[in-house]
Amino acid sequence: MEIKIQRTASPKEKPDQNKLGFGKIFTDHMFLMNYDEGEGWHDARIVPYGPIALDPAAMVLHYAQEVFEGLKAYRTSEGKIQLFRPEKNMERMNLSCDRLCIPAFDEEFAIKAIKELVKVDQDWIPTAEGTSLYIRPFIFAVDPMVGVHPAKHLIFAVILSPVGAYYPNGIEPVKIFVEQKYVRAVVGGTGFTKAGANYAISLKGQEEAEKQGYVQTLWLDGVERKYIEEVGAMNVFFIIGNEVVTPALVGSILGGITRLSIIELLRSKGYTVNERRLSVDELVEAHRSGNLREAFGTGTAAVISPIGELKYGDTVMKINDGKIGETSQMLYDTLTGIQWGRIPDTMGWIQTVE
Ligand code: PLP
Ligand code: COI
């Protein structure tokens with residue numbers, strides 16, 4: 001399929017790279033493609049960034065038939081543009097689509113579309129330390145109908161946002177609140193997908209965590225409320241003694257691409273990494289006995305985010321004295337080194353945009 005390009009006649013002013021924040025500024029163009037039953041995905045185009053008209057009855061507005069992805073483009077010091085494992089994002093997006101009854105799309109074509117869009121808006125890729133261009137592909141149902149059925153008409157869109165660190169203080173350790181009242185996902189539900197609805201139902205826990213001075217919520221399993229799952233926008237890892245532990249992908253947790261990469265990196269460096277069930281009681285006990293050495297979250301937006309404090313009921317666990325752990329720092333340096341082209345990509349994770 002050909003991608004038609006219509007360039008904007010009025011480019012916007014570029015933002016101050018030191019004040020980007022996360023996801024508040026958008027570039028000059030966006031990618032759009034339509035799905036209509038009988039025709040499949042068609043009419044791929046790059047157009048000026050702007051509002052999308054929707055019928056008030058558009059299904060996404062009522063029943064949240066929507067999925068999204070998040071990846072980044074990085075500008076190397078030599079001026080090259082790099083994407084990190086975009087094929088994994090597109091594979092996961094189709095997995096999300098399947099669960100939400102959204103028709104599959106051609107993953108290779110989607111990567112081509114993302115690269116084309118990044119190329120059109122390449123002057124928007126920031127170069128300041130720790131900044132990148134966040135890529136947000138998403139698909140939503142537009143049929144004008146309030147009956148509950150899988151959509152027959154959808155839009156696939158990609159927008160771009162120059163970003164700095166996800167958390168205001170960069171790689172500074174974050175304080176995380178273990179949620180006991182609300183749940184995010186159960187096995188059989190949509191926890192393993194990037195359905196927008198997962199995030200809507202997690203807002204309440206997030207709000208309460210913030211009220212108590214914590215930046216995000218650590219979700220426990222929705223059935224026994226005992227096992228660690230993931231944080232709002234990150235997977236989690238704990239170093240207990242000499243073992244690195246991360247919750248197994250049981251169906252209610254997002255299979256993070258950063259998570260996968262960190263597991264592969266750690267194993268390549270000889271660490272013992274186990275994907276298994278980890279109860280909050282085991283964590284409390286490991287902390288009490290001095291065996292909980294480090295904790296960190298992993299995600300595209302958050303990169304590697306050390307966890308300096310965990311609150312579970314009345315128990316407040318300070319981890320590694322609230323400082324960045326040695327392994328967390330090594331992982332941050334290695335991963336960002338590969339992403340920004342400072343370290344050779346021996347893992348085959350980078351795709352360049354040419
Ligand atoms: N878990 C949730 C709920 C997320 O939203 C994210 C972010 O995408 C992650 C984990 C990390 O996934 P990834 O490393 O693919 O960005
Ligand atoms: C990401 O890391 O890409 C995310 O999607 C996290 C968040 C902004 C929802």
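Cys97 counts as buried, its relative accessibility being 0%. In this predicted model, Cys97 takes part in no disulfide, and the nearest cysteine sulfur, which belongs to Cys101, is 10 Å away. The points below start from these two cysteines and go on to backbone geometry, surface, aromatic pairs and one buried leucine.

**Cysteines**

- A search of the whole structure finds 0 disulfides, a disulfide being a covalent bond between the sulfur atoms of two cysteines.
- Cys101 is likewise in no disulfide, with the sulfur of Cys97 as its nearest cysteine sulfur at 10 Å; because a disulfide requires a pair of cysteine sulfur atoms within 2.5 Å, that separation does not qualify.
- Whereas Cys97 is buried at 0% relative accessibility, Cys101 counts as partly exposed at 46%, and Cys101 is placed in the loop between helix H2 (86-99) and helix H3 (107-120).

**Positive phi angles**

- Most residues other than glycine have a negative phi.
- Cys101 has a phi near 55°, which is a positive value in a residue other than glycine.
- Ala64 also has a positive phi, near 60°, and is again a residue other than glycine.
- The position of Ala64 is in the loop between helix H1 (59-63) and strand E4 (66-68), where Ala64 counts as partly exposed with a relative accessibility of 29%.

**Nonpolar surface**

- Ile52, Leu54 and Leu61 together make a nonpolar surface patch of about 240 Å².
- Within that patch, Ile52 belongs to the loop between strand E3 (40-48) and H1, and its relative accessible area of 33% makes Ile52 partly exposed.

**Aromatic pairs and cluster**

- The whole structure contains 12 aromatic pairs according to the search, and one of them joins Phe22 and Tyr134 in an edge-to-face arrangement, with 5.0 Å from centre to centre and 65° between the planes.
- This pair links distant parts of the chain, 112 residues apart, since Phe22 sits in the loop between strand E1 (4-5) and strand E2 (29-36) while Tyr134 sits in strand E7 (residues 132-141).
- The two partners can also be described by their accessibility: Phe22 counts as partly exposed at 22%, and Tyr134 is buried with a relative accessible area of 8%.
- Phe237 and Phe296 form a pair that is stacked, because their ring centres lie 5.1 Å apart and their planes are at 5°.
- Phe237 belongs to strand E12 (residues 235-240) and Phe296 to strand E15 (residues 292-299), so this pair ties together parts that are 59 residues apart in sequence.
- Phe237 counts as buried at 0% relative accessibility, and Phe296 is buried with a relative accessible area of 0%.
- One aromatic cluster is formed by Phe31, Tyr35, Trp41, Phe105 and Phe156.

**A buried leucine in helix H6**

- Leu266 is part of helix H6 (residues 257-268) and counts as buried, with a relative accessibility of 0%.
- When residues up to four places away in sequence are not counted, Leu266 touches Val244, Tyr271, Val273, Thr327, Met330 and Leu331.
- For Leu331, one of these contacts, the separation from Leu266 is 65 residues in sequence and 8.2 Å in space, taken from C-alpha to C-alpha.

Methods:
Residues numbered from 1 in each chain as written. Chains lettered and ligands numbered in written order. Predicted model: local features only at pLDDT ≥ 70, side-chain atom pairs only at ≥ 80, totals over all residues. Heavy atoms only, no water. Helix = DSSP H or I, 4+ residues; strand = E, 2+ residues; numbered from the N terminus. Buried < 20%, exposed > 50% of the residue type's maximum accessible area, 1.4 Å probe, protein only. Patch = residues over 30% accessible without salt bridge, like charges linked within 9 Å, V, L, I, M, F, W, Y side chains within 5 Å. Areas by Shrake-Rupley, 256 points an atom, 1.4 Å probe, with all protein chains shown as cover. Salt bridge = Lys/Arg side-chain N within 4 Å of Asp/Glu carboxyl O. Contact = heavy atoms within 4.5 Å. Phe/Tyr/Trp six-rings, centres within 6.5 Å; stacked < 30°, edge-to-face > 60°.
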